[in-house]
Amino acid sequence: MIYSKNGMCWCGSKKKYKHCHYDFDQKLLELKLKGEETPPKSIIRNAMDIKAIKESAKINTAVLDAVAERIHEGMSTQEIDDIVVSVTHAHRAKCAPYRYEGYPKSVCTSINEVVCHGIPDPNRILKSGDIVNVDVSTIYKGYFSDASRMFMIGEVSQNAQNLVEVTKQALQAGLDAIVPWGHLGDISHAVQTVAESHGYNVVRVFGGHGVGKQFHEEPFVSHVGQAGTGMILAPGMTFTIEPMINEGTFEVVIDQDDKWTTTTKDGKLSAQWEVMVLITEKGYEILTQ
Ligand code: MF3
Ligand code: CO
């Protein structure tokens, strides 16, 4: 497709192409001709999209803040779901997980050896020593946001504390590796390096993802990989970085009864932190904090 320089930009900004994404497209074309994997236009957000995605992300953060304030030993994971539903609805937003591909609840609560997609349950009571990931995803005015945090309940073992801390450091290393017009693999490699330097292993089968106009879109964000490889990080992309890091093997098992709950194959602990980022001309912004 050839766009007229004086016509409207394809991004929907209503600006002339030459004053909007013309230089951007030239740069991407140059990279593509060098054999680089470039992002499709469908995942490049315009200013209006970014504004709306930020509003969604702000609500998502408020929901996680409410969970952080109210989570405690002795409560059930269903009660976490109840908090997420009520705070989300109070913001006139929706919980993205609810009925997503048949998911039965509104948030994921993944405890100890549960890697991800733990289903809230009135019979699962938080006890001292548990490490819990609460993964919240919000839809506001049709725009999606997604983030998760770890919570430590009561007295947590030193091993578990270390895993939670290193997982956070691995995520930060991934963020630090972001360079606009750099590569997605720079992030993957940085996360993997930190995790493995502590003797941990990075889950392969799940990763981060584009998010904004849909819950899960391109690119798949692997948390293992090589620097200088993978999709080009172009300004206007929004995606999650959400490493799942295991004490033992990176292999996981999906519960065959509920089809969701994912645990470590060896039963050892797993931790995860998730943020949503926007690639900018200068670097990145974390949208979910
Ligand atoms: N929030 C998860 C993620 O980070 C996705 C959960 S899918 C659900 O991608 F259906 F379980 F909610
Ligand atoms: Co996610």
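## Close-ups of a predicted model

**View 1. Ligand 1 and the side chains around it.** In this predicted model, an oxygen atom of ligand 1 sits 2.8 Å from an N or O atom in the side chain of Glu-242. On its own, ligand 1 would expose 340 Å², and the protein buries 95% of that. The side chain of Asp-146 also puts an N or O atom 3.0 Å from an oxygen atom of the ligand. For Ser-137, the partner is a nitrogen atom of ligand 1, with a polar side-chain atom of the serine 3.3 Å away. There are 14 residues around the ligand, and Pro-97, Asp-146, His-209, His-216 and Glu-242 come nearest. Sorted by class, that shell has 6 nonpolar, 4 polar and 4 charged residues.

**View 2. Helix 5 and its neighbours.** Helix 5 runs over residues 184-197. Count 1.5 Å for each residue and its 14 residues should span 20 Å; the end C-alpha atoms turn out to be 21 Å apart, so the two agree. The helix is mostly covered, with 10 of the 14 residues buried. Among the buried ones are Leu-184, Ile-187, Val-191 and Val-194, along with Asp-186 and Gln-192. What does the covering? Helix 4 (158-176) contributes, and the cover also includes strand 6 (201-202), strand 8 (217-221), strand 9 (238-241) and strand 10 (244-246). Just past the end of the helix, look for Gly-199, which takes a positive phi of about 85°.

**View 3. The start of helix 2.** Zoom in on Asn-46, which caps the N-terminal end of this helix: one of its side-chain oxygens is 2.9 Å from the backbone nitrogen of Met-48. Helix 2 itself covers residues 47-70, and its 24 residues should span 34 Å at 1.5 Å a residue. The end C-alpha atoms are 35 Å apart, so that agrees too.

**View 4. Leu-126, a buried loop residue.** Leu-126 is found in the loop between strand 3 (114-116) and strand 4 (131-140). Is Leu-126 buried or exposed? It counts as buried because its relative accessible area is 1%, and the cut-off for buried is under 20%. Leaving aside residues up to four places away in sequence, Leu-126 touches Ile-71, His-72, Glu-73, Gly-74 and Met-75, and its contacts also include Ile-111, Val-132 and Ile-153. His-72 is 54 residues away along the chain, yet its C-alpha atom is 7.1 Å from that of Leu-126.

**View 5. Thr-262 in strand 12.** Thr-262 lies in strand 12, which takes in residues 262-264. Its relative accessibility is 0%, so it counts as buried. Beyond its sequence neighbours, the threonine touches residues including Val-114, Val-115, Cys-116, Phe-206 and Val-253.

**View 6. Backbone oddities.** Most residues other than glycine have a negative phi, and most peptide bonds are trans. Glu-101 goes the other way, with a positive phi near 50°. This glutamate is in the loop between strand 1 (94-95) and strand 2 (108-111), and it is exposed, with a relative accessible area of 64%. Asn-112 is not a glycine either, and its phi is positive at about 55°. You'll find Asn-112 in the loop between strand 2 and strand 3, where it is buried at 12% relative accessible area. Finally, the peptide bond from Glu-218 to Pro-219 is cis, with omega near -5°; Pro-219 lies in strand 8.

Technical notes. Residues are numbered from 1 along each chain as its sequence is written. Chains are lettered from A and ligands numbered from 1 in the order in which they are written. This is a predicted model: local features need pLDDT of at least 70, side-chain atom pairs count only at pLDDT 80 or more; totals for chains, interfaces and linings use all residues. Side-chain values use heavy atoms; hydrogens and water are left out. Helices (H or I, at least four residues) and strands (E, at least two) are DSSP runs, numbered from the N terminus. The expected span of a helix is 1.5 Å times one less than its number of residues. Buried means under 20% relative accessible area, exposed over 50%, partly exposed in between (1.4 Å probe, protein chains only). Contact means heavy atoms within 4.5 Å. A residue is near a molecule or strand if one of its heavy atoms lies within 4 Å of it. A polar contact is a pair of N or O atoms within 3.5 Å; within protein, one must be able to donate a hydrogen and the other to accept it, and residues adjacent in sequence count only if both atoms are side-chain atoms. Accessible areas come from the Shrake-Rupley method with a 1.4 Å probe; for residues, only the protein chains shown count as cover. Ala, Val, Leu, Ile, Met, Phe, Trp, Tyr, Cys and Pro count as nonpolar, Asp, Glu, Lys and Arg as charged, and the others, Gly among them, as polar.
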